[in-house]
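Load the model in a viewer and keep the selection panel at hand. The stops below are meant to be taken in order.

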Amino acid sequence: MALVELPTPKVGLIEQVPEPIKFILNWGRQYSLWVFNFGLACCAIEFIATSMSRHDFIRLGVIPFAPGPRQADLMVVSGTVTDKMAPAVQRLYAQMPDPKYVISFGACSNCGGPYWDSYCVTKGVDQLVPVDVYVPGCPPRPEALLHGIVKLQEKIAGEYRNPKTARPGATRAAGLPTGHGA
């Protein structure tokens, strides 16, 4: 008995939905982001500070600490990604349901940071998974992550309006101080 490979089912047909419904879907998606934090170093502490009462990103519709990648919409990669950790990042990203978003938080996850010339450091998480928003800094302040989340929400609000620009590229969250000393 030969095994027959079934076609992969499509999850949603957003292209066939009328424009007002797309607006509602995007609105719901942008204000109910379940976050999976992939914290690897000091930037992970700043992520935790952003989720606490002083900065409180829950008011923006971001629910911190999803039970796992299968329940998450947003992965925040914060810290130095080593070549040994790269398969784990890719595996966890693959487990996330569509639509999925990634924020690269901090200089180390953006481009390797001060360890860019090390033999074992991945030169940016964008070499492993598609990144939607880059938040610069070493370490970035919690306000910078809040700004990056707002930029991601703006990007989600405009998603699927034109099928040719469904994922137009990454956004850089700029305009905020990047370190505690700034």
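The tour goes from the whole chain to a central strand region, then to the cores, a loop residue and the charged pairs.

**Stop 1: the whole chain**

Begin with a cartoon of everything, bearing in mind that this is a predicted model. The chain contains 5 helices and 6 strands. Traced from the N terminus, their order is α-β-α-β-β-α-β-α-β-α-β. Switch on the surface: its accessible area is about 10,100 Å², and carbon and sulfur atoms account for 61% of that. Colour by burial, and 45% of the 182 residues count as buried. Of the contacts in the chain with a separation of 6 or more, 78% are between residues 24 or more positions apart.

**Stop 2: strand 3**

Select residues 74-78, which are strand 3. How many residues of strand 3 are buried? The count is 5 of the 5, so the strand is largely enclosed by the rest of the structure. In a regular strand, side chains alternate between the two faces of the sheet. Show the side chains here: L74, V76 and S78 point one way, while M75 and V77 point the other way. Residues on both sides of this division are buried.

Now add residues 33-39, strand 1, and residues 101-105, strand 4. Strand 1 pairs with strand 3 in the parallel sense over 5 bridges. On that side, F38 stands opposite V77. Strand 4 also runs parallel to strand 3, and 5 bridges join these two. Here S78 has F105 as its bridge partner.

**Stop 3: the largest nonpolar core**

Keep strand 3 visible and select L74, I103 and L152. In the largest nonpolar core, which has 20 residues, these three touch the most other members. Strand 1, helix 2 (42-51), strand 3, strand 4, strand 5 and helix 5 each supply at least two residues of the core. Which element gives the most to it? Helix 5 does, with 6 residues.

Centre the view on I103 and expand the selection to its contacts. Neighbours within four places in sequence are left aside here. The remaining partners include L74, M75, V76 and V77, which are residues of strand 3. Also in contact with I103 are V133 and V135; strand 5 covers residues 133-135. The list is completed by L145, G148, I149 and L152, and helix 5 spans residues 142-157.

**Stop 4: the second core**

Clear the contacts of I103 and select F38, A72, A88 and M96. They are among the members of a second, separate core of 19 residues. F38 is the residue already seen opposite V77.

**Stop 5: T122**

Next, select T122, in the loop between helix 4 and strand 5. Is T122 buried or exposed? At 5% relative accessibility, T122 counts as buried. Its side chain makes a polar contact with the side chain of D83, at 2.9 Å. Apart from neighbours within four places in sequence, T122 is in contact with V81, T82, D83, A86, G112, Q127 and L128.

**Stop 6: the salt bridges**

Finish with the charged side chains, where the count comes to 3 salt bridges.

Take K155 and D132 to begin with: their closest N and O atoms are 3.4 Å apart. K155 lies in helix 5, while D132 is in the loop between helix 4 (107-111) and strand 5, so the pair ties together parts that are 23 residues apart in sequence. Check burial at both ends. K155 is buried at 13% relative accessibility, and D132 is buried with a relative accessible area of 1%.

Move on to E143 and R141, whose closest N and O atoms are 3.2 Å apart. Both ends are partly exposed: the relative accessible area of E143 is 30%, and that of R141 is 23%.

The remaining pair to select is E154 and K151, with the closest N and O atoms 3.8 Å apart. Both residues belong to helix 5 and are 3 residues apart, about one turn of the helix. E154 is partly exposed with a relative accessible area of 48%. K151, at 26% relative accessibility, also counts as partly exposed.

Notes
Residues are numbered from 1 along each chain as its sequence is written. This is a predicted model: local features need pLDDT of at least 70, side-chain atom pairs count only at pLDDT 80 or more; totals for chains, interfaces and linings use all residues. Side-chain values use heavy atoms; hydrogens and water are left out. A salt bridge is a side-chain nitrogen of Lys or Arg within 4 Å of a carboxyl oxygen of Asp or Glu. Helices (H or I, at least four residues) and strands (E, at least two) are DSSP runs, numbered from the N terminus. Buried means under 20% relative accessible area, exposed over 50%, partly exposed in between (1.4 Å probe, protein chains only). A nonpolar core is a set of buried Ala, Val, Leu, Ile, Met, Phe, Trp, Tyr and Cys residues joined through side-chain atoms within 4.5 Å. Contact means heavy atoms within 4.5 Å. Accessible areas come from the Shrake-Rupley method with a 1.4 Å probe; for residues, only the protein chains shown count as cover. A polar contact is a pair of N or O atoms within 3.5 Å; within protein, one must be able to donate a hydrogen and the other to accept it, and residues adjacent in sequence count only if both atoms are side-chain atoms. Two strands pair if DSSP finds at least two bridges between them.
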